[in-house]
Amino acid sequence: MEKRRKTKVVQIGSVAIGGDNPIAIQSMTNTDTRNIESTVSQIIGLEISGCDIVRVAVPDQEAANAIAGIKKGIHIPLVADIHFDYQLALTAMENGVDKLRINPGNIGSANGVREIVAMATERKIPIRIGVNAGSLEKEILAKNNGVATPAGMVASAQKHIQLLEEAGFDNIVVSMKASDVRFTIASYESFAKEYDYPLHLGITEAGILRSSAVKSAMGIGYLLLNGLGDTLRVSITGDPLEEIEVARDILSAIGRYEGKRKKVEVISCPTCGRTEIDLIGIATEINERLRGVDKNIKVAVMGCIVNGPGEGRAADIGIAGGKNKAVLFKKGEIIRSLKEDEIISVLMEEINKM
Ligand code: SF4
């Protein structure tokens with residue numbers, strides 16, 4: 001296993017990140033934050049899926065006021081995402097938010113930064129500095145002919161960090177997001193050489209599900225495999241629940257998933273000329289039904305009896321197709337034969353008994 005970078009530990013409500021703590025999974029709501037009911041309902045769904053920390057956009061005072069109501073309805077730490085207006089950050093903290101995502105250099109008033117730092121210190125609320133390649137400061141871009149670079153990303157982070165450190169505040173998390181995978185990796189790597197603040201990983205504007213899953217797995221996965229990263233968010237243009245699924249898949253794929261919610265891993269073969277059942281339909285349905293199952297098991301869905309039980313031996317349970325039928329196997333040993341129309345129901349029954 002890769003050696004994990006040593007960082008400061010930052011406490012976000014009930015969740016600690018950095019140090020040796022598990023990699024926390026985050027998401028962000030896409031409801032109107034002012035609508036407390038719909039925001040709470042979406043967050044509860046995210047909690048059930050395995051989200052550890054959730055962020056809401058706070059674009060105005062009404063949204064900042066809604067934080068109090070949202071906090072009452074949820075069970076995971078809440079982060080307020082604020083741009084420019086320090087008054088919104090103060091209201092969010094007064095209303096019980098567990099972390100702020102705000103770039104102090106964008107507040108535009110030294111007094112505003114001081115007030116935020118004073119309240120965040122008193123209430124032990126960390127601040128995430130979120131550097132984004134798409135919104136680097138003009139003076140930083142000007143140094144490189146208007147082009148964003150990983151060095152520019154680090155310079156931006158440095159500027160924001162300095163403002164907080166000068167005010168005596170170091171309860172900081174940093175993200176260095178871009179939509180380009182190599183750029184993002186280079187930015188995080190350069191930053192990590194100079195600072196030991198915990199890192200929030202993410203590829204931003206990563207697109208719809210497939211594109212984001214690939215880019216996030218490459219970027220976030222690479223960084224984690226090289227020991228960097230303490231919390232992550234997969235950004236998807238779509239349902240935030242998918243962000244949690246992909247995040248759990250990325251962590252599981254590299255043996256780093258330690259979430260409270262257990263995860264069923266489904267392995268299935270690609271199908272070939274030997275397949276004589278609707279394996280694609282069966283595998284899709286099984287994956288769908290197993291989404292909500294809270295068990296640490298491996299399930300195999302294989303196309304043929306010749307190779308299926310053997311190749312699926314690492315699985316705790318599985319099926320392998322024949323002609324309009326299948327066999328059920330456990331750890332590679334065949335247990336019984338199944339008719340095609342009972343494959344899904346019997347497999348689910350057996351899994352539920354496990
Ligand atoms: S398990 Fe059987 S059906 Fe599936 S790809 Fe391998 S040989 Fe083909």
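1. Contacts of Leu 279. In this predicted model, Leu 279 touches several residues that are not its close neighbours in sequence: Cys 269, Thr 271, Val 301, Met 302, Gly 303 and Ile 319. Cys 269 is ten residues away from Leu 279 in sequence, and their C-alpha atoms are 8.7 Å apart.

2. Burial of Leu 279. Is Leu 279 buried or exposed? Its relative accessible area is 2%. The limit for calling a residue buried is under 20%, so Leu 279 counts as buried.

3. Helix 10. Leu 279 belongs to helix 10, which covers residues 279-290. The helix has twelve residues, and at 1.5 Å a residue the expected span is 16 Å. The C-alpha atoms at its ends are 16 Å apart, so the two values agree.

4. The buried side. Which residues of helix 10 are buried? They are Leu 279, Ile 282, Ala 283, Ile 286 and Leu 290. Around the axis they cover an arc of only 95 degrees, so they lie on the same side of helix 10. The general rule is that an α-helix has 3.6 residues a turn, so residues three or four places apart point the same way.

5. Packing partners. The buried residues of helix 10 pack against three strands, namely strand 11 (265-268), strand 12 (298-302) and strand 13 (317-321), and against helix 12 (343-353).

6. The ligand. Around the ligand are Cys 269, Pro 270, Thr 271, Cys 272, Arg 274, Thr 275, Gly 303, Cys 304, Asn 307 and Glu 311. By class, four residues of this shell are nonpolar, four are polar and two are charged. Cys 269, Thr 271 and Gly 303 from this shell are also among the contacts of Leu 279.

Technical notes:
Residues numbered from 1 in each chain as written. Predicted model: local features only at pLDDT ≥ 70, side-chain atom pairs only at ≥ 80, totals over all residues. Heavy atoms only, no water. Helix = DSSP H or I, 4+ residues; strand = E, 2+ residues; numbered from the N terminus. Buried < 20%, exposed > 50% of the residue type's maximum accessible area, 1.4 Å probe, protein only. Contact = heavy atoms within 4.5 Å. Expected span 1.5 Å × (residues − 1). Arc of directions from axis to C-beta. Near = heavy atom within 4 Å. Nonpolar A, V, L, I, M, F, W, Y, C, P; charged D, E, K, R; others polar.
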